[in-house]
Amino acid sequence: MARKVRKLIKTCLLVGEGKADKSFLNYLKSLYANSEWRFTIDKAGGDPNSVIIKAKKIGAAYDKVFAVSDADRPISVQYPSKKIISLRMTPCLESVLLQIYGKKIPRNSDEAKLNSKALLKKETQSLMLDDWKRHFPKDRFESMRKSLSELDDLIKIFEDPKSF
């Protein structure tokens with residue numbers, strides 16, 4: 001009797017700053033995940049340095065590791081750039097969400113958070129899967145990804161992590 005050959009699944013870790021980042025990345029995963037990869041999404045809490053530290057701490061067991069953070073604060077910790085790929089959202093996740101809606105780029109993170117709360121009728125960390133689906137259908141992402149590099153990069157992670 002022939003042995004069944006098991007296909008090896010590659011693994012990818014994405015670490016975001018907080019609850020909103022994790023929720024958004026999980027939504028993108030539900031839309032774009034490549035079945036040849038197993039994606040794990042975690043949050044670090046805090047700032048970009050916390051994201052890098054967590055990615056370094058738990059990333060060794062993964063084939064690809066991405067640190068997704070806001071660009072409103074600098075990264076001051078050292079990290080192996082060949083192992084951990086840092087993607088920054090300028091100035092923050094909420095500004096990217098506003099741009100997906102065709103709104104202008106806010107001057108800072110505080111303005112972005114305030115404007116996104118007014119648009120979405122709740123804070124981003126309170127958004128559930130149904131909220132993401134209602135406000136950000138896949139066709140909206142597809143129409144904006146060519147003009148919004150941060151969104152395109154995040155989608156590409158789920159389509160083919162090894163392209164980075």
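User: Before the sheet itself, when do two strands count as a pair?
Analyst: Two strands pair if DSSP finds at least two bridges between them. The structure discussed here is a predicted model.

User: So what order do the strands of the open sheet have?
Analyst: The open sheet has four strands in the order S2-S1-S3-S4, and their pairing is parallel.

User: Which ones are the edge strands?
Analyst: The edge strands are S2, residues 37–43, and S4, residues 84–89. Each of these pairs on one side only.

User: And how many degrees does the twist average from one strand to the next?
Analyst: The average twist is 20 degrees from one strand to the next.

User: What holds strands of a sheet together in general?
Analyst: Strands of a sheet pair through backbone hydrogen bonds, in either a parallel or an antiparallel manner.

User: How many bridges join S3 to S4 here?
Analyst: Six bridges join strand S3, residues 64–70, to S4, and the two run parallel. Within these strands, Val65 stands opposite Ile84 in S4.

User: Changing topic: which strands does helix H1 lie across?
Analyst: Helix H1, residues 19–32, lies across S1 (10–16), S2, S3 and S4. The helix runs at about 165 degrees to S2.

User: What about H7, which strands does that helix lie across?
Analyst: Helix H7, residues 149–159, lies across S1, S2, S3 and S4, and runs at about 145 degrees to S4.

User: Now the largest nonpolar core. Which residues touch the most other members?
Analyst: That core has 31 residues, and Leu14, Phe24, Leu28, Phe141 and Leu154 touch the most other members. At least two residues each come from S1, H1, S2, S3, S4, helix H3 (93–100) and H7. Helix H1 supplies the largest share, namely six residues.

User: What is Leu154 in contact with, leaving aside neighbours within four places in sequence?
Analyst: With those neighbours left aside, Leu154 is in contact with Phe24, Leu25, Leu28, Val68, Leu87 and Met89. Another core, of nine residues, lies apart from the largest one; its members include Leu13, Val51, Ile52 and Tyr62.

User: One more residue: where does Lys29 lie?
Analyst: Lys29 lies in helix H1.

User: Why is Lys29 called partly exposed?
Analyst: Lys29 is partly exposed because its relative accessible area is 27%, which falls between the limits of under 20% for buried and over 50% for exposed.

User: What does Lys29 touch, not counting residues up to four places away in sequence?
Analyst: Not counting those residues, Lys29 touches Phe39, Ile41 and Phe158. As for Thr40, which is 11 residues apart from Lys29 along the chain, the two C-alpha atoms are separated by 9.5 Å.

Methods:
Residues numbered from 1 in each chain as written. Predicted model: local features only at pLDDT ≥ 70, side-chain atom pairs only at ≥ 80, totals over all residues. Heavy atoms only, no water. Axes fitted to C-alpha atoms, helices over the stretch in contact; angles between N-to-C directions. Contact = heavy atoms within 4.5 Å. Core = buried A, V, L, I, M, F, W, Y, C linked by side-chain atoms within 4.5 Å. Buried < 20%, exposed > 50% of the residue type's maximum accessible area, 1.4 Å probe, protein only.
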